[in-house]
Amino acid sequence: MLKKTLISISILSLLIFFSSGPAAAAEKVRIGVVIELTGAGASLGDYWTKGVKYATKEINDAGGILGRPVEYKIFDTQSKPPISVSAVKKALAWKPYALSGPIYSSSTLANMFLSQEAKTPQNVGSENWRISTKGSKYIWRTSTQQGFEIPKLLSFIMAEKKPKAIAMLHVNNDYGIGAKETTQKILKETYNTKLVAAMACEQKQADYSAEFSTLRRKKADALFVYLLEEEAAIVYRQVRKMGLKLVLFAPNSGISEDTLRLGKESAEGVYGMSGFEYNAPEPNCVRVSKWFKKQYKEWPDNEFMKGYNSVYLVKTGIEQTGGFDKAKYSQKMHNIFITPKVQKNICGGNLYYDDVGDLHAWDYLVQVKWDGTHAKPKIVAALPPLKGPDSSKKTKWYEK
Amino acid sequence: MLEVKNLISGYGKSEVIRGISLEVKEGQIVTIIGPNGAGKTTFFRTVFGFLPARQGEILFENEDLTKYAPTVRVQKGIAMVPQGRNVFPFLTVLENLKLGAYTRYDQKTLQEGIDLAYGLFPVLKERKSQQAGTLSGGEQQMLVIARALMSRPKFLMLDEPSLGIAPFLIKEIFRTIKAINEEQKMTIFLVEQNAPVALRVAEWGYVMEGGQIHMSGSAQELLNDDRVKGAYLGKKD
Amino acid sequence: MANFIQLLIGGVSMGILYGVVAIGFVLLWQTSQTINFGQGELVMVPMFLMVALHIVLKIPFWPSFVLTLLGSGIMGYLFERLMIRKLLPGGVLVIVIATLGLSGFLRYGMQIAWTPQTLFFPHLFSTKPIELGDIIFSPEDIWNIVLISVIIIVLHLCIKRTKLGMAMQAVAQSRETAELMGINVRHIITLVFVLNSVLAGTAAVFAAPIFFVRYDIGIFLGVKAFVAAIIGGFNQIRGALVGGLTVGLAETFAAAYITTAYRDAFVMILLLVVLLIKPEGIVGIKEEAY
């Protein structure tokens, strides 16, 4: 009898041993990366994915999250909102602990209800202000939304450049239209003025003669270039080509590495805002950027840092919860102040997440300088966040 | 000059030409007459190479043509005027003629050919800069024949030159065909539904029905044959 | 008025670029009844080739340009010999599906093999604007218009005046009659594919400084050129050019005088209007005429 039992037990343990592959896999922390792998956002998606990959490796090399290794799988949104919805569905069917991405606001707005329904944390790269008005408790941004970025940028431009007529070019999607609405609101409420022209541009648009003719007619002396990376670079080139004299200023996308690599000398003088730059005065941004430069022979775009942080946010949340309960994770990750003490590798210094998943962090006001071979964002000032513990701090000027 | 042996061809599954053997002697005008759907055009297209021969041989000056593309057959000295008015509608009359000499594009032959064409059909000279698509049916037929002559063929195949053309023009066209044969010493192979006209200019004739040759004989014999008269000449004595 | 001229230059400089790509559509359609949905990729691949030669290998501009055109020609040759020739008997639909497949293959192949990033390409001409009263010219726009016009005129003369050009016209108007003339239709079709690729390669070199170089630029240019060809007339080279200019000008003027938000929509409305009123295109000829 004993012998029989022993044999049964050993067979059973053997079976368990050999079936432990999938059982162990279930023990991993899965992250579904829903990202712009192809289509217009492919370049950004590539940086993001590289960030996810690097963070995953770093975390796994250090023993994972609470002992569990991180595993990610990529789902392509093709940069299209409807496809992003099915990509998120596919990703959720894979039973991830959290989602990372997408970047495009239109995609996030289309698919964020799914992560809300599935009660699965989603760390996105989008900046449209509406995302945080939808009431989801499962959405977090990896960068400052346009509603916080634009006022900071405008306050600098209005104070330092004193433009008489500001015009705006914005990309014709949720990211760009959201920015136009925010800009118009701030100009009206804070400065009692308005845009002399707000013009929607298409992706891949290469001819801006129509827009420029309007700029001239309206005698614009400052232009807010709220476009995606490639189009922003094209606009800088055309502005120079047509000899227009304008103060150019742009959000993150207009001064990111991806834009400057293309814009080169024509980007000289452009003002912009950024949270994570490879030359930001913040040790982790510098550390991961140097790794990237070594690995890929170029400086990373800020999307790399955002993708990187999207994984570290999951790590932070799980560690703060002390377990894998997603509802508790959601609770812990709101109104949280993530300092290097809380999560030593995360980029950007002190990050504050409010009750709707909006990020409040230090932003850097930069001006692009051309050094003969590269266009580099030079930091002019570090601006404190609008909310959270750091909001009481003062602007740090680096040069004026 | 041309000798066809046991030729079989057709479209898809259907066999249209079912074993035809015939001969065209150098310098003659030979005609194939027969009713609509007898396979005359299919036979011509096979000889020229638009349709592959499934079986049999097509010997031109004792060389088998079946392995050659139509282009090569043109270089061997064969020209065909297919049914209908195959002009290049958006090119001028002169450009159409020049294309006819595509395989022999030297200035001298070109000029000779153009002179010959204008000599045979003076109306083409008047219309030389006009788009071919704007010509009348008869003029287009003249152009097509003149264009076929531009390659200086030894052997001219004409598929139904009288189709859809006013009667007085039919006469003129056939008179010219006869003239080409006599003056240029060109062998002419002619398919016609209009049997009386064809037999009047031809020396030898074949009667085709159902993809086979039913009768052959000198044009004169066929003109006088009662069966031919009854079936194709439209009169009974 | 100055404004109008300014817009005119902008519209024409884009339109002529669409036009030159659209001419390829027309040439292929006329000679082989082929609709090539990989047309945009025939522009994209030479763009990358140009980057490889001129920027990566640092070969001077003109040799790079010539090598790019050569490469384009070879690509067109292989495209016809390895793919179109085998599929042509299957009819238009087979070709459309196959070229769609090929375009995806080239597009994503380039993304994986090279980069999903947009690559930099320098200006070919001076960027110093020329001011003429109220009008500001960019030398780049003017040179693009002039050089592409020259290429189109040379192409036109070759087609109208040379023996091969006449043969191409013959094949376009009736393949069988062309064969009757002793024209080797297969060779002519191959030649047209090579010519199309070289034209697309030329467009690529002029487009690269304007659009930069990116693996998916082909969709954009391909669609614009296709729409241009339909608007202008799919069976006329003139039509492609007229269509290209119409699209370029419509975009620019609609953006300037109505709204920038719907510039693409106006082109589509224009397309619909043309299809409803004159389906053969502005200068196209009804196909029944053949």
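**View 1. Contact between chain C and chain A in the predicted model.** In this interface, 39 residues of chain C are in contact with 38 residues of chain A (contact: heavy atoms within 4.5 Å). Chain C and chain A bury about 3,200 Å² between them, with 52% of it on carbon and sulfur atoms; buried area is the accessible area (1.4 Å probe) that two parts lose on being put together, summed over both. The model is predicted: local features need pLDDT of at least 70 and side-chain atom pairs count only at pLDDT 80 or more, while totals for chains, interfaces and linings use all residues; side-chain values use heavy atoms, with hydrogens and water left out. Residues are numbered from 1 along each chain as its sequence is written, and chains are lettered from A and ligands numbered from 1 in the order in which they are written.

**View 2. Polar and charged pairs between chain C and chain A.** Five salt bridges cross this interface (a side-chain nitrogen of Lys or Arg within 4 Å of a carboxyl oxygen of Asp or Glu). The side chains of A:Glu230 and C:Arg214 form a salt bridge at 2.8 Å, N to O. The elements giving two or more residues to the side of chain C that touches chain A include helix 1 (2–32) and helix 8 (185–211) of chain C (helices are DSSP runs of H or I, at least four residues, and strands are runs of E, at least two, numbered from the N terminus). Helix 1 of chain C gives the largest share of that side, six residues.

**View 3. The two domains of chain A.** Domain 1 covers 29–144 + 281–360 and domain 2 covers 147–274 + 363–397, with bounds from an automatic or database domain assignment. Their C-alpha centres lie 26 Å apart. Each domain of chain A brings 28 residues to the contact. About 2,300 Å² is buried between domain 1 and domain 2 of chain A, 51% of it on carbon and sulfur atoms. A:Glu127, A:Thr144 and A:His360 supply 23% of the area that domain 1 buries against domain 2, more than any other three residues. Two salt bridges are counted between these domains.

**View 4. Surroundings of A:Leu359.** A:Leu359 lies in strand 13 (residues 359–360) of chain A. A:Leu359 is buried, at a relative accessible area of 1% (buried: under 20%; exposed: over 50%; partly exposed in between; 1.4 Å probe, protein chains only). Beyond its neighbours within four places in sequence, A:Leu359 is in contact with residues including A:Arg141, A:Thr144, A:Phe148 and A:Tyr353.

Note on methods. A polar contact is a pair of N or O atoms within 3.5 Å; within protein, one must be able to donate a hydrogen and the other to accept it, and residues adjacent in sequence count only if both atoms are side-chain atoms.
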